[in-house]
Amino acid sequence: MKLHEYQSKKIFEQFGVPIPKGRVANIASEAKQIAEELGGRVVIKSQVLVGGRGKAGGIKLAKDPNEAMKFASDILGMEIKGLPVRKILVDEAVNFEQEIYLAIINNRSNNCPMIVASASGGVDIEEVAQLSPEKIIKYNIDPLLGLQDFQARDVALSIDLPRVYWKNFIKILHGLYHAFWETDSTLAEINPLVITKDERMMALDAKMIIDDNALFRHPDLIEFRDLDIEAPAEVEARKYGLSFIKLDGEIGCMVNGAGLAMATMDIIQQNGGSPANFLDIGGGAGAEKVSAALRIILSDPKVKVILINIFGGITRCDEVAKGLLSSIKQTKIKIPIVVRLVGTNEELGRRLLCDSEILTADSLVSAAKTSVLLATGGEL
Ligand code: GDP
Ligand code: MN
């Protein structure tokens, strides 16, 4: 789950990372009021979950409250990389001498957190990484020991940070590391971390990505989820505890088990079709979950056939069959449904289906072949 800048800043602040004064707004007049409170000069910052807002015109420096209102209204009307701007952050403007890049990421190759730092932070960090990779410092942290002071000093040294800032920098790096660790993040990034004209250090931008699989441990963070930017089908799926990912094909898939779902998509593809989604209904999915899953698949107008692949272990085939039948009654499904149903109570399950229009297949390959044929307009 990606967090907005204003949300990440809130977390950083809790962990002792200094941030500019500011507040979030969703109408231009509010921006004017905040600017007045902050003394006039402010930055208006679009809150969208993409990088490079500065270069896209989504960050503007206003010299007074009236200009703040004008920029706020401009930015609130913008779309950045396809995303509409619904909120802006109004922060006090800060004058700075230097922009530093500082982040903690997951180093998947070494199974540990890694510090990434550069003295040349700012909006061109991607170019710096490409053209002069030696300017980017990487430093692995032992997850059991955590960040040690000597390591923080090493980082300060390797980005040539003047000694007077070390104490501050080490405190900020510890704060960032704790923010990353305590929230189960996969990324906690400050770009830029600035050295101000009056010799302070401050995070002007903030970005965090929380590991979705750890969200259950952070009920307070779940509220940060921005439902506006998520596909409605994915929001609905989460409500029912279904793992759903929308894809571009025409064969809707409903499968129990992630591995089996992936195998199903592979077999569809090998037989000349393309899956419309990944959907794992999990083990022990009852009739209600199955109905929800069908509704979600059907909400995609591209879907021409639904392929249901159930290996009944904990999930009993007769339960699945009942769910299918009741859901078909409710939703008036007009497209063909092909079911491969094997495992616990398969006989019972198939018998329940045999009076309906559902097609049953005795192997996954034949179910896939039938689905592909029907999706491409062929007849049985
Ligand atoms: P990003 O482009 O999405 O990474 O957005 P940032 O928040 O990093 O802003 C982009 C750039 O705008 C920064 O690198 C700064 O150079 C500049 N910027 C942001 N806030 C301020 C500010 O308060 N004062 C000044 N002078 N520049 C700012
Ligand atoms: Mn930035």
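The following exercises, each with a worked solution, concern a predicted model with two ligands described below.

Local features are reported at pLDDT of at least 70 and side-chain atom pairs at pLDDT 80 or more, whereas totals for chains, interfaces and linings use all residues. Residues are numbered from 1 along each chain as its sequence is written, chains are lettered from A and ligands numbered from 1 in the order in which they are written, and side-chain values use heavy atoms, without hydrogens and water.

**Exercise 1. The manganese site**

Determine which residues coordinate the manganese ion (ligand 2), and where they lie.

Solution. Step one is to find the donors (N, O and S atoms within 2.8 Å of the metal, or 3.2 Å for Na, K and Ca; water is not among the atoms, so sites may look incomplete). Asn191 (O) and Asp205 (OD) coordinate the ion at 2.2 Å. Step two is to place them, with helices (H or I, at least four residues) and strands (E, at least two) taken as DSSP runs numbered from the N terminus. Asparagine 191 belongs to strand S11 (residues 185-196), and aspartate 205 to the loop between strand S12 (201-203) and strand S13 (207-210), so the pair ties together parts 14 residues apart in sequence. Step three is accessibility (buried: under 20% relative accessible area; exposed: over 50%; partly exposed: in between; 1.4 Å probe, protein chains only). Asparagine 191 is buried at 10%, and aspartate 205 is buried at 17%.

**Exercise 2. Ligand 1**

Identify the polar contacts that Arg53, Gly54 and Val94 make with ligand 1.

Solution. Begin with the surroundings: 17 residues surround ligand 1 (each with a heavy atom within 4 Å of it), and the closest are Lys45, Arg53, Gly54, Val94 and Glu99. Next, apply the definition of a polar contact (a pair of N or O atoms within 3.5 Å; within protein, one must be able to donate a hydrogen and the other to accept it, and residues adjacent in sequence count only if both atoms are side-chain atoms). An N or O atom in the side chain of arginine 53 is 2.8 Å from an oxygen atom of ligand 1. A polar backbone atom of glycine 54 is also 2.8 Å from an oxygen atom of the ligand, while a nitrogen atom of ligand 1 lies 2.8 Å from a backbone N or O atom of valine 94. Finally, ligand 1 taken alone exposes 560 Å², of which the protein buries 84%.

**Exercise 3. Aspartate 64**

Describe the location and side-chain contacts of aspartate 64.

Solution. First, aspartate 64 sits in the loop between strand S4 (59-62) and helix H3 (65-76). Its relative accessibility is 26%, and aspartate 64 therefore counts as partly exposed. Then come the contacts: its side chain reaches the backbone nitrogen of glutamate 67 at 2.8 Å, and a polar atom of that side chain lies 3.1 Å from the backbone nitrogen of asparagine 66.

**Exercise 4. Backbone geometry**

State which peptide bond is cis, and give the phi of aspartate 160 and of glutamate 199.

Solution. As background, most residues other than glycine have a negative phi, and most peptide bonds are trans. The cis bond joins asparagine 191 and proline 192, with omega about 10°; proline 192 lies in strand S11. Aspartate 160 has a positive phi of about 55° and is exposed at 66%. For glutamate 199, phi is near 65°; this residue is in the loop between S11 and S12 and is exposed at 54%.

Definitions and conventions. Areas by Shrake-Rupley, 256 points an atom, 1.4 Å probe, with all protein chains shown as cover.
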